[in-house]
Amino acid sequence: MIQTKAYAAQTKETDLAPWTFERREVGPHDVQFDILFCGVCHSDLHQIKDEWGGSIFPMVPGHEIVGRVVKVGDHVKKFKVGDLAGTGCLVDSCRVCDNCKDGLEQYCTNGHSQTYNGYEQDHQTPTYGGYSNTIVVHEDFVLRISDKLDLASVAPLLCAGITTYSPLRHWNIGKGHKIAVVGLGGLGHMGVKFGVAFGAEVTVLSTSGKKEEDAKKLGAHHFVVTSDPEQMKAVAGTFDFILDTVSAEHDLNVYLGLLKTNGTHVCVGVPTKPAEIAAFSIIGGRKSLAGSMIGGLPETQEMLDFCAEHNIVSDIELIDMKDIHTAYDRMLKGDVRYRFVIDMATL
Ligand code: NAP
Ligand code: ZN
Ligand code: ZN
């Protein structure tokens with residue numbers, strides 16, 4: 001077994017603290033890579049606080065993982081020692097259901113294995129994430145990472161990147177579309193970058209005016225402060241598509257009112273409480289309310305390759321492992337510019 005150093009939460013009430021555990025030995029199809037950087041997703045915070053229910057402890061969060069390969073199994077074809085490698089939110093899936101066969105492992109009907117707060121496909125071995133020094137993953141769930149981009153800034157692409165790339169691609173967003181991104185945090189800022197890269201006209205909907213300058217630097221064409229009724233009235237009925245990345249309770253009816261006829265509002269943020277939707281918010285204008293979860297392995301690789309080709313990375317603030325709780329506190333205040341990434345050398 002491989003002795004592994006980590007930061008873990010022992011219960012939903014306790015802070016993260018140093019912890020050691022064992023990862024499996026490298027099997028014939030496994031890749032072991034040492035973790036150099038791990039992004040901090042708002043989902044880490046939801047899950048260590050058990051806000052969605054069913055959290056498994058001890059929990060080692062982290063699903064935006066990049067590093068360098070140190071060992072490969074005998075049958076591994078995609079990687080060799082010394083290569084860069086990445087893993088996102090998934091480490092395995094059943095591989096036989098229709099969704100897995102279609103490369104939609106995130107929607108595996110038999111239950112995928114999430115990178116942490118989940119179980120391996122034996123449904124009993126807990127998975128532990130990227131706030132740790134090394135990881136062992138089946139090669140099919142390890143992504144190739146370009147050496148052209150800054151590695152720490154690539155880490156957030158593994159969740160924030162694919163979670164925004166996938167719905168924009170699925171709904172064919174591009175030139176001629178007016179889209180809005182709600183919430184300028186980790187996911188939101190990647191949504192802006194992809195929306196702009198795909199040729200859409202992008203508006204950021206944010207709770208305050210504090211991020212306006214940043215939004216324009218990220219490429220957004222317009223900025224709307226959602227607490228200002230005049231600004232909201234001016235954009236009523238104007239968007240083809242809304243990408244909603246908000247992590248906390250908010251009134252979806254308000255945003256549905258900003259869609260054009262036939263417009264679509266896609267939720268990727270996962271607030272704790274269920275939303276209340278008035279039928280009138282969607283029947284007038286034949287509007288769609290939809291959701292999307294991360295992305296499958298083929299699309300995640302496609303997104304990483306697209307980013308390497310178009311020089312797209314996350315805007316990050318590099319932190320030491322010990323500062324994780326300060327980062328969480330700032331994240332809760334919406335003070336993220338625009339993704340915290342842990343330098344795992346500080347573990
Ligand atoms: P984040 O960095 O904290 O960003 C969330 C942003 O939402 C904040 O920066 C803030 O933007 C806005 N916001 C916060 N509270 C709000 C409120 N009460 N009303 C309106 N806006 C508010 O979080 P993240 O890492 O991007 O994650 C966002 C959400 O997506 C989380 O719930 C996370 O669990 C979920 N998620 C889902 C998937 C998926 O597969 N669907 C994948 C990853 C994450 P402004 O300052 O601009 O208002
Ligand atoms: Zn995430
Ligand atoms: Zn499956």
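**Two zinc sites and a ligand shell**

Ser153 has a relative accessibility of 7%, and therefore it counts as buried, since the word is used for values under 20%. This residue belongs to helix α3, and its side chain is joined to that of Asp150 by a polar contact of 2.5 Å. Like everything described here, these values come from a predicted model, and they are best read with the structure in view.

From helix α3 we can move to the zinc ion that is written as ligand 2. Which residues coordinate this zinc ion (ligand 2)? The donors are Cys41 through its SG atom, His63 through NE2 and Cys159 through SG, at distances of 2.0 to 2.3 Å. Along the sequence these donor residues follow the spacing C-x21-H-x95-C. Two of them show how the site links distant parts of the chain, for His63 sits in the loop between α1 and β4 (65–72), while Cys159 sits in the loop between α3 (151–154) and α4 (160–170), 96 residues apart. His63 counts as buried because its relative accessibility is 7%, and Cys159 counts as buried because its own value is 4%.

The other zinc ion, ligand 3, is held by a set of cysteines. Cys94, Cys97, Cys100 and Cys108 coordinate the zinc ion (ligand 3), each through its SG atom, at 2.3 to 2.4 Å. Their spacing in sequence reads C-x2-C-x2-C-x7-C. Why is the arrangement around the zinc ion (ligand 3) tetrahedral? The four donor atoms subtend angles of 104 to 120° around the ion, and four donors count as tetrahedral if all angles lie between 85 and 135 degrees. Among the donors, both Cys97 and Cys100 are buried.

Asp92 can be considered alongside this second site. Asp92 is placed in strand β6, which covers residues 90–92, and it counts as buried because its relative accessibility is 13%. Its side chain makes a polar contact of 2.9 Å with the side chain of Arg95.

We turn now from the metal ions to ligand 1. There are 29 residues around ligand 1, and those that come nearest are His42, Ser206, Thr207, Lys211 and Arg339. Sorted by class, this shell holds twelve nonpolar, 14 polar and three charged residues. Some individual distances help to fill in the picture: an N or O atom in the side chain of His46 lies 2.8 Å from an oxygen atom of ligand 1, and a backbone N or O atom of Gly186 is likewise 2.8 Å from an oxygen atom of the ligand. For Ile294, a polar backbone atom is found 2.8 Å from an oxygen atom of ligand 1. When ligand 1 is taken alone it exposes 920 Å², and the protein buries 90% of that area. Two elements, α1 (42–48) and α5 (186–197), give two or more residues to the shell around ligand 1, and of the elements it is α1 that gives the most, with three residues.

Helix α5 also leads to a last residue, Met190, which is found in that helix. Met190 is buried, with a relative accessible area of 0%. How far apart are Met190 and Ser314 in sequence and in space? They are separated by 124 residues in sequence, while their C-alpha atoms lie 6.7 Å apart in space.

Notes
Residues are numbered from 1 along each chain as its sequence is written. Chains are lettered from A and ligands numbered from 1 in the order in which they are written. This is a predicted model: local features need pLDDT of at least 70, side-chain atom pairs count only at pLDDT 80 or more; totals for chains, interfaces and linings use all residues. Side-chain values use heavy atoms; hydrogens and water are left out. Donors are N, O and S atoms within 2.8 Å of the metal (3.2 Å for Na, K and Ca); water is not among the atoms, so sites may look incomplete. Four donors count as tetrahedral if all angles lie between 85 and 135 degrees; four count as square planar and six as octahedral if opposite donors are over 155 degrees apart and all others between 65 and 115; anything else is irregular. Buried means under 20% relative accessible area, exposed over 50%, partly exposed in between (1.4 Å probe, protein chains only). A residue is near a molecule or strand if one of its heavy atoms lies within 4 Å of it. A polar contact is a pair of N or O atoms within 3.5 Å; within protein, one must be able to donate a hydrogen and the other to accept it, and residues adjacent in sequence count only if both atoms are side-chain atoms. Accessible areas come from the Shrake-Rupley method with a 1.4 Å probe; for residues, only the protein chains shown count as cover. Helices (H or I, at least four residues) and strands (E, at least two) are DSSP runs, numbered from the N terminus. Ala, Val, Leu, Ile, Met, Phe, Trp, Tyr, Cys and Pro count as nonpolar, Asp, Glu, Lys and Arg as charged, and the others, Gly among them, as polar.
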